[in-house]
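Subject: Structure for you to look at

Dear colleague,

I am passing on a structure that I would like you to open and look through at your own pace. Below it you will find notes on what turned up.

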Amino acid sequence: MLSKEDNESLVRVGPGTPMGQLMRLYWIPFLPSSDLAVDGQPQRVRLLGEDLVAFRDSEGRIGLVDHACPHRGAPLIFGRNEGCGLRCVYHGWKFGVDGKLMDTPTEPAESRLKDRTRIKSYLCQERNGVAWAYMGPDQDVPPPLPNIEWNMVPPENAYISFRVQECNWLQALEGEIDSAHAAILHGRVDAGGNINQWKQAADLAPKFEVLPHDGGLHIASLRELGENKRYVRVNQFLMPFWTFVPPFSGFPELSGHAWVPIDDEHSLCVMFSYDPVRPLPEKTRKLFDQGHAGRQTAHPSLDSFETRAVSVPYHRYWSKYNRANAYGFDYDVQVRKYNSGMPGLWIQDAACQSGVMPIYDRSAEHLGTSDTGVAMTRRMLLDKVRKLAANQQRPARCDDPDAWMVRAVSLTLPAEGSWKDDGSEFMKARLGTDLGYTP
């Protein structure tokens, strides 16, 4: 459990908050590049509690600027994207990707407004079809974009999806580093399907071990398989909001999330699945795009969204499965077939992470041994937040682009084997190299 004070420190991310300061030291993925067309429609964005507008100018540069015109507060989401700037529809003031005021058609030629007026803007980069923002204090000399393997493999090797989730970022993140839930939440009452055949189902009470490193935590769950063998799954938590998930038997792709805080009560779930050395099969892409037999996979299917007004942040990425409609829960289905009674993997996770309230009171929890990784992650985050707030001590390697070059692994080892030793090489990400083992 956490005290109410510590919980507040971890979940509040707005400007000036301790966690908000920590988050702003890192590059943040925030939109698919394809959402931003040259001179195309701007997109409403909210990151770390700040309301923003993203657009791509006539030269292909991405701008991420304040959502309100500083003249009279008109919404820039209605701005016209033209001539290397975003023009407010109210009085025609125009702003560049750097936030500088470029034109004031209603002011006299001698006006000095352009010299002294600008709006908040943040640096942006893109790689492999994803737009990233840096909201930190070093806008003139930002850290390099992180080298995260999913965003560096050839585009055909990866599948990336975005969706909004109705809870704070930490509740969402903790669900993915808790591998004890998988065979239970995602399992079936009957004997059908692949999930009941997962090796996790052979031992529902795994032993957990956690190994800290400069970039985050290796979180290992150890399950006894019999015949003097042990099944080990090592999930990764990487600062500040990354989780990596090991491959499953028969499904060799690696996966994970960036759990990006939209504000204190909403998260942008950026999910990635990728193969380090080969294109994803078309049947895999089709499965992610369309789901399977009316059910969702780990990615939201293309028809699982309800489009909202353009003035709503991430208006394309709100799910039709949400707290208001109980995430599609069906008790009859729960009794007959699926443990959760809900239509698919990510929905089951989202319901458990978000279903009670956007910010759960962690002082009311009763943690067990299977929550070792969750507890250690909270402890690490609190330590980083406190050191930054007390003396501006930044986390180790927060500006080292290779700090994220790790992999989650799933290994079958002799019972006496050491996952820390036997898995150390497999947990290093090297571009162009295969897993090195059979999941």
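A good place to begin is Val-335, which counts as partly exposed because its relative accessibility is 47%, a value that falls between the limits of 20% and 50% that separate buried from exposed residues. Please keep in mind from the start that this is a predicted model. Val-335 sits in helix α7, which covers residues 331-336, and together with Phe-329 and Tyr-331 it makes a nonpolar surface patch of about 320 Å².

**Cavities**

From the surface we can turn to the enclosed spaces. Rolling a probe the size of a water molecule over the atoms shows where empty space is left. How many cavities of 30 Å³ or more does a search of the whole structure find? The search finds four of them, and the largest holds about 90 Å³ of space. The lining of this largest cavity consists of 13 residues, and those closest to its centre are Val-164, Gln-165, Glu-166, Ser-319 and Tyr-321. Strand β11 (158-165) and helix α8 (345-354) each give at least two residues to that lining, which by class is made up of six nonpolar, four polar and three charged residues.

The second largest cavity contains about 40 Å³ of space. If you would like to find it on your screen, look for the residues that line it, among them Leu-25, Tyr-26, Trp-27, Cys-398 and Trp-404. Three prolines, Pro-143, Pro-144 and Pro-146, also belong to this lining, as does Asp-399. Sorted by class, the lining of the second largest cavity has eight nonpolar residues, no polar ones and one charged residue.

**A pocket**

The second largest pocket has a volume of about 540 Å³, and 20 residues line it, with Gln-171, Asp-178, Cys-352, Gln-353 and Glu-365 lying nearest its centre. Which helix supplies the largest share of the lining of this pocket? That helix is α8, with four residues, while α4 (169-177) and α9 (372-391) are also named among the helices that each supply at least two. The lining of the pocket divides into seven nonpolar, six polar and seven charged residues. As you may recall, α8 also supplies at least two residues to the lining of the largest cavity.

**Salt bridges**

Side chains of opposite charge can pair when their charged atoms come close. In this model the count comes to 33 salt bridges, and I have picked out a few for you to inspect.

In the pair formed by Arg-44 and Asp-51, the closest N and O atoms are 3.2 Å apart. Is Arg-44 buried or exposed? Arg-44 counts as buried because its relative accessibility is 8%, whereas its partner Asp-51 is partly exposed, with a relative accessible area of 21%.

Asp-434 and Arg-278 form another salt bridge, in which the closest N and O atoms are 2.7 Å apart. This pair links distant parts of the chain, since Asp-434 lies in the segment after α10 (419-422) and Arg-278 in the loop between β17 (266-274) and α6 (282-290), 156 residues apart. Asp-434 is partly exposed at a relative accessible area of 38%, and Arg-278 is partly exposed at 36%. Salt bridges that share partners also join Arg-44, Arg-46, Asp-51 and Asp-263 into one network.

A further salt bridge connects the side chains of Glu-224 and Arg-230, at 3.1 Å from N to O, and here Glu-224 is partly exposed, with a relative accessible area of 40%.

**Details of the backbone**

Finally, some points along the backbone deserve a look. The peptide bond from Met-239 to Pro-240 is cis, with omega near -10°, and Pro-240 lies in the loop between β14 (229-238) and β15 (242-245). Asn-128 has a positive phi, near 50°, although it is a residue other than glycine; this asparagine is found in the loop between β9 (121-127) and β10 (130-134) and is partly exposed, at 31% relative accessibility. Asn-228, which is not a glycine either, has a positive phi of about 60°, and its place is the loop between β13 (216-226) and β14.

With best wishes

Definitions and conventions
Residues are numbered from 1 along each chain as its sequence is written. This is a predicted model: local features need pLDDT of at least 70, side-chain atom pairs count only at pLDDT 80 or more; totals for chains, interfaces and linings use all residues. Side-chain values use heavy atoms; hydrogens and water are left out. On a 1 Å grid over the protein atoms alone, a cavity is a set of points where a 1.4 Å probe fits but cannot get out, and a pocket is an open set with protein on both sides within 12 Å along at least five of seven lines; lining residues have an atom within 4 Å of a point. Grid points are joined across faces, edges and corners, and a volume is the space filled by probe spheres set on the points. Ala, Val, Leu, Ile, Met, Phe, Trp, Tyr, Cys and Pro count as nonpolar, Asp, Glu, Lys and Arg as charged, and the others, Gly among them, as polar. Patches are made of residues with over 30% relative accessible area and no salt bridge: like charges are joined within 9 Å, nonpolar side chains (Val, Leu, Ile, Met, Phe, Trp, Tyr) within 5 Å. Accessible areas come from the Shrake-Rupley method with a 1.4 Å probe; for residues, only the protein chains shown count as cover. A salt bridge is a side-chain nitrogen of Lys or Arg within 4 Å of a carboxyl oxygen of Asp or Glu. Buried means under 20% relative accessible area, exposed over 50%, partly exposed in between (1.4 Å probe, protein chains only).
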